[in-house]
Amino acid sequence: MNKGPKELEGRKYPARAHALTVKNHFIQKKADISSRSAIFISGEDLKLYPYCDQTAPLRQNRYFFYLSGCNIPGSHVLFDLDAELLILVLPEIDWDDVMWSGMPLSIEDAYKTFDVDKVVYLKDLQGFLSSFGKIYTTDINDENSKFGNLLTEKDPDLFWALDESRLIKDDYELTLMRHASKISDNSHYAVMSALPIETDEGHIHAEFVYHSLRQGSKFQSYDPICCSGPNCSTLHYVKNDDSMENKHTVLIDAGAEWNNYASDVTRCFPINGDWTKEHLEIYNAVLDMQDQVMKKIKPEAHWDELHLLAHRVLIKHFLSLGIFHNGTEDEIFESGVSVSFFPHGLGHLLGMDTHDVGGHPNYDDPNPLLRYLRLRRVLKENMVVTNEPGIYFSPYLVELGLKDDNKAKYVNKDVLEKYWYVGGVRIEDDILVTKDGYENFTKITSDPEEISKIVKKGLEKGKDGFHNVV
């Protein structure tokens, strides 16, 4: 059994330190906070599918987990702001369920497992809640509605405190994220290596998830994006069911999860191992976009500026390739035509959520270059971000952009015609902002020559070189 990073053996998830961090942020906004106040958050419980006796897979409430480190369904966490006492509330033992599911974690073992001051059963919760003057929670829901009259929900200062706390990762969290990235590295390598048994996009999906499971990751951070040829022009393509026959390109965006912490990695490769001229040209352009941004990642760099830098690098390459013409770099940048080929943001925060909290996006921004950027703030040490520029040849996006004559005049349609089959290229790595620069968690190669060698080495094995029952 894969138990995770060895350096975390014997250590508890630092829930108490997280609670104190949230308190410190919260009191910055709540200088007049009353005595006998608390923060209370309910975890997720198992839910039945409609008209069925099966439960949906549990996805733990991330705010709850941040303050508890607990994945047990039906649990709650209470933090006494005055006494700085962290209390984990476990569900009552369902004796009828023991036959099916076994005995749940005991209170004694919970003390050994979780970094909390007190562990109680749900029947004792009412008494604890009644002793406080004000109890802040994120929301009143099915899990805590019976205590709803005692709770104050949706306080914006609480959300701000939680998000600012989660923004900066501690060493325990970073170790979890490095481990998730390592699993993803191996799974991406497996996908690149198994072309003899990958004849449609679903096979790519299956290969990635299979190798993640073998490494102990039971959940993906998000639905894998496994596309080929023109399908690669759809940013969040999740159909993953088209044939790869007569296509040249693959894009896979997939990341394994470890103990609720995400990885998020995108790689592209040629199906037969040989890059076509146009595919390699676009790939190298995106690689340069990523490299130029990478050099600028450090504390106090503003993500807006790095995103705009990536657009300028794209423009330089498109001018060199002849896709853009009739203007200078500055004129083309000001026109906004590059958005038709790079419509999304450069990257986003990464943590327990793939698009993690605290990014302060502005989807109403009148500037189309910035509208879909999920991270709009200065970088800080121990933030984790994705660096994921891309170039796409989407008929919908390009046709929409070219309706504007001020954009259309810069696009050479005859040259553009050669690139439609590429679909799209995105290269995505997971990046820790360090004191002096950055650390790249993502180790699977993005070098086009190395990728070609991996694909060809796999192809040489043929179908008989792989265990493939179906």
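Which residues does Ser212 touch, not counting residues up to four places away in sequence? In this predicted model, the partners of Ser212 are Ile183, Ser187, Ser217, Gln220 and Ala256. Ser212 itself is found in helix α8, which covers residues 201–214. Its relative accessible area is 0%, so Ser212 is buried. With this residue as a starting point, the overall form of the protein can be described before other individual sites are visited.

The protein contains 15 helices and 16 strands. A compact globule of 470 residues would have a radius of gyration near 23 Å, and the protein, with 25 Å, agrees with this. Taken along the principal axes, the box filled by the C-alpha atoms comes to roughly 75 × 55 × 45 Å. Among the 470 residues, 55% count as buried. Contacts across the sequence were also counted: of those with a separation of 6 or more, 72% are between residues 24 or more positions apart.

The surface and the charges complete this general view. About 21400 Å² of the protein is accessible surface, and carbon and sulfur atoms account for 50% of that area. The protein carries 51 positive and 74 negative charges, and the mean positions of the two groups are 3 Å apart.

Attention now turns to the interior. The largest nonpolar core has 75 residues, and the members that touch the most others are Phe324, Leu379 and Phe393. Apart from this core lies another one, made of 46 residues, including Ala15, Ala161, Tyr172 and Leu350. For Leu379, the contacts beyond four places in sequence include a run of partners from Ile297 through Lys298, Pro299, Glu300 and Ala301. Leu379 also touches Trp303, Leu306, Val385 and Val433.

Leu350, a member of the 46-residue core, is also one of the contacts of Met177. Met177 is found in helix α7, which spans residues 171–193. With a relative accessible area of 0%, Met177 is buried. Leaving aside neighbours within four places in sequence, Met177 is in contact with Lys169, Tyr261, Ala262, Leu350, Gly351, Val384 and Phe441. Pro57 is 120 residues from Met177 in sequence, and the two C-alpha atoms are 22 Å apart in space.

Another buried site is Asn387, in strand β12. Its relative accessibility of 0% is the reason Asn387 counts as buried. Among the contacts of Asn387 beyond four places in sequence are Gln290, Val293, Met294 and Ile297; Ile297 is also touched by Leu379. The other partners of Asn387 are Leu346, Ile427, Glu428, Asp429 and Ile431.

The loop between α11 (329–335) and β12 (384–387) holds Glu381. Is Glu381 buried or partly exposed? Glu381 has a relative accessible area of 38% and is therefore partly exposed. Outside the four nearest places in sequence, Glu381 touches Ile168, Pro299, Val433, Thr434 and Lys435. Two of these names, Pro299 and Val433, appear among the contacts of Leu379 as well. Glu381 and Asp96 are 285 residues apart along the chain, with their C-alpha atoms separated by 49 Å.

Asn382 lies in the loop between α11 and β12 too. Asn382 is partly exposed, at 23% relative accessibility. What is the phi of Asn382? The angle is near 75 degrees, a positive value in a residue other than glycine. Most residues other than glycine have a negative phi. A positive phi, near 50 degrees, is also found for Asn240, which sits in the loop between β7 (225–228) and β8 (249–254). Asn240 has a relative accessible area of 5% and so is buried.

A last stop is Leu58, in the loop between β1 (37–42) and α2 (62–68). At 22% relative accessibility, Leu58 counts as partly exposed, because buried means under 20%. Beyond four places in sequence, the contacts of Leu58 are Glu44, Asp45, Leu46, Asn71 and Pro73. One of these, Asp45, is 13 residues from Leu58 along the chain, and the C-alpha atoms of the pair are separated by 7.3 Å.

Terms used. Residues are numbered from 1 along each chain as its sequence is written. This is a predicted model: local features need pLDDT of at least 70, side-chain atom pairs count only at pLDDT 80 or more; totals for chains, interfaces and linings use all residues. Side-chain values use heavy atoms; hydrogens and water are left out. A nonpolar core is a set of buried Ala, Val, Leu, Ile, Met, Phe, Trp, Tyr and Cys residues joined through side-chain atoms within 4.5 Å. Buried means under 20% relative accessible area, exposed over 50%, partly exposed in between (1.4 Å probe, protein chains only). Contact means heavy atoms within 4.5 Å. Helices (H or I, at least four residues) and strands (E, at least two) are DSSP runs, numbered from the N terminus. The radius of gyration is taken over C-alpha atoms; the globule rule is 2.2 Å times the number of residues to the power 0.38. Accessible areas come from the Shrake-Rupley method with a 1.4 Å probe; for residues, only the protein chains shown count as cover. Lys and Arg count as positive and Asp and Glu as negative; His and the chain ends are not counted. The place of a charge is taken as NZ of Lys, CZ of Arg, CG of Asp or CD of Glu.
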